[in-house]
Amino acid sequence: MKKGIQAMISLPHRRFVLTPSDAQQLPIIVESLGHNPNQEKIWRQDGYPYYHWIQTAKGEGTITIGGKTTNIPPHTGVLLFPRIPHSYETVSDIWETQYLTFGGPAVEGILASIGIREPAVFRWQPEAPLSSFIEKLLDRLESETDVLGLAVSSETYRFLITLSRYALYGNRTASAGNLDKIRTIVEWMESHYEDPGIGLKDIASVLPVSGRRLNAVFQETFGLSPYAYFIHLRIRKAKEMLIASSSVTVKEVAQKVGFRDTSHFVATFRKHVGMPPEQFRKLH
């Protein structure tokens with residue numbers, strides 16, 4: 001009898017609402033994050049004033065944007081842009097969701113730099129860190145004091161980078177076989193991005209497939225060629241280094257991410273991010 005009673009008791013809604021000082025200009029300002037164990041139906045005719053991420057922790061829901069309804073099973077999430085009309089609701093007995101709402105002057109540029117320019121549905125593998133990212137951030141906020149919102153701001157940036165790294169989104173799809181191929185090559189890239197001598201032939205030699213087939217798999221999955229993805233990876237690593245240490249020079253970062261020439265690195269970084277490395281660092 002006790003077990004039955006316990007099963008009927010719902011878990012608490014874990015939620016943090018942050019109110020950073022107006023005088024403090026953070027590049028990413030987090031409004032709220034939480035874990036809702038029993039997601040209610042939501043309809044927002046005028047959308048939400050912030051960027052709004054929602055993902056399924058358990059069960060399944062649907063979300064409707066622009067008249068199109070999409071299922072959100074586990075290992076799936078949706079990034080909504082500000083003021084985009086939408087609604088979502090459960091299609092299972094219980095729909096547990098995790099969410100994050102945020103804004104700030106740097107968000108649009110960061111999303112553009114990782115190829116996200118409109119609301120999209122994201123899917124990832126069960127073992128990817130996205131499944132537990134928000135839960136771990138909630139645990140951290142419950143054990144530490146983040147009065148100014150600095151920690152959660154930097155963690156939200158890391159979340160967006162993790163999203164771009166591990167999730168497929170929009171019309172980009174991949175079969176299980178293709179995902180295995182891509183994972184092998186991406187892991188190889190992760191181990192070789194510091195080498196300035198790496199070229200397209202080196203990437204193509206990682207797997208016994210033709211260059212044409214490899215290019216098709218990457219285009220289907222990421223909308224990029226393998227070498228273009230490799231450049232994106234180098235720029236992403238450069239961002240991490242610029243944020244992690246204020247003492248490392250731009251020249252040192254360029255060398256660490258596989259650029260022989262600093263001016264070429266700066267020009268490539270500006271092209272992908274929309275600003276030079278030093279300006280990007282100042283935003284963070």
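This is a short talk that walks through one protein chain, from its overall make-up to a few single residues.

Hi everyone, thanks for having me. Before we begin, please keep in mind that what we have on screen is a predicted model.

Let's start with the whole chain. The protein chain has 284 residues, and 45% of them count as buried. Its secondary structure comes to eleven helices and eleven strands. There is also a figure for how the chain folds back on itself. Take the contacts with a separation of 6 or more: 72% of these join residues 24 or more positions apart.

Now to a sheet. Which strands form it, and in what order? There are four of them, in the order β3-β8-β5-β6, and together they make an open sheet with antiparallel pairing. At the edges sit β3, residues 42–44, and β6, residues 68–72, each of which pairs on one side only. On average, neighbouring strands in this sheet are turned by 15° against each other, direction ignored. As a bit of background, the strands of a sheet pair through backbone hydrogen bonds, and they can do so in a parallel or an antiparallel way.

Let's walk across, strand by strand. We begin at β3, which pairs with β8, residues 86–90, in the antiparallel sense over three bridges. If you want a landmark there, look for Arg44, which stands opposite His86 in β8.

Next come β8 and β5, an antiparallel pair with five bridges. Here the landmark is Thr64, with Ser87 of β8 standing opposite.

The last step takes us from β5 to β6, again antiparallel and again over five bridges. Gly61 faces Ile72 of β6 across this pair. These two strands form a hairpin with two residues between them, and in that hairpin Gly66 takes a positive phi near 60°.

While we are in this sheet, let me stop at Ile65, which belongs to strand β5, residues 61–65. Is Ile65 buried, exposed or partly exposed? Its relative accessibility is 22%, so Ile65 counts as partly exposed. In sequence, Ile65 and Ser87 are 22 residues apart, yet their C-alpha atoms are 7.0 Å apart in space. Leaving out neighbours within four places in sequence, Ile65 is in contact with Val78, Leu80, Ile84, Pro85, His86 and Pro119.

Let's turn to the nonpolar cores. A general point helps here: in soluble globular proteins, nonpolar side chains tend to be buried together. In this model, the largest nonpolar core has 66 residues, and Phe122 and Phe265 have the most contacts inside it. Helix α8, residues 226–244, supplies the largest share of this core, with eight residues. Apart from this core lies another one, of nine residues, including Ile54, Ile63, Tyr88 and Val121.

What does Phe265 touch? Not counting residues up to four places away in sequence, Phe265 touches Ile235, Ala238, Val250, Val253, Ala254, Val257, Phe259 and Pro277.

That brings us back to helix α8 and a partner, helix α10, residues 262–273. The axes of α8 and α10 come within 10 Å and cross at roughly 95°. That angle makes α8 roughly perpendicular to α10. At the meeting place, α8 brings Ile231, His232, Ile235, Ala238, Lys239 and Leu242, while α10 brings Phe265, Thr268, Phe269, His272 and Val273.

To finish, here are two glutamates. The first is Glu96, placed in strand β9, residues 96–103. Glu96 counts as buried because its relative accessibility is 9%, and the cut-off for buried is under 20%. Which side chain does the side chain of Glu96 meet in a polar contact? That is His35, at 2.9 Å. Setting aside residues up to four places away in sequence, Glu96 touches Leu11, His35, Asn36, Pro37, Gln55, Thr56, Ala57 and Lys58.

The second is Glu155, in helix α4, residues 150–166. Glu155 has a relative accessibility of 13%, so this residue counts as buried. A polar contact of 2.8 Å joins its side chain to that of Arg158. Beyond neighbours within four places in sequence, Glu155 is in contact with Phe133, Leu137 and Arg140.

That's my tour. Thanks for listening!

Methods: Residues numbered from 1 in each chain as written. Predicted model: local features only at pLDDT ≥ 70, side-chain atom pairs only at ≥ 80, totals over all residues. Heavy atoms only, no water. Pairing = 2+ DSSP bridges. Helix = DSSP H or I, 4+ residues; strand = E, 2+ residues; numbered from the N terminus. Axes fitted to C-alpha atoms, helices over the stretch in contact; angles between N-to-C directions. Buried < 20%, exposed > 50% of the residue type's maximum accessible area, 1.4 Å probe, protein only. Polar contact = N/O pair within 3.5 Å; in protein donor to acceptor, adjacent residues only side chain to side chain. Contact = heavy atoms within 4.5 Å. Core = buried A, V, L, I, M, F, W, Y, C linked by side-chain atoms within 4.5 Å. Parallel < 35°, antiparallel > 145°, perpendicular 65-115°, else oblique.
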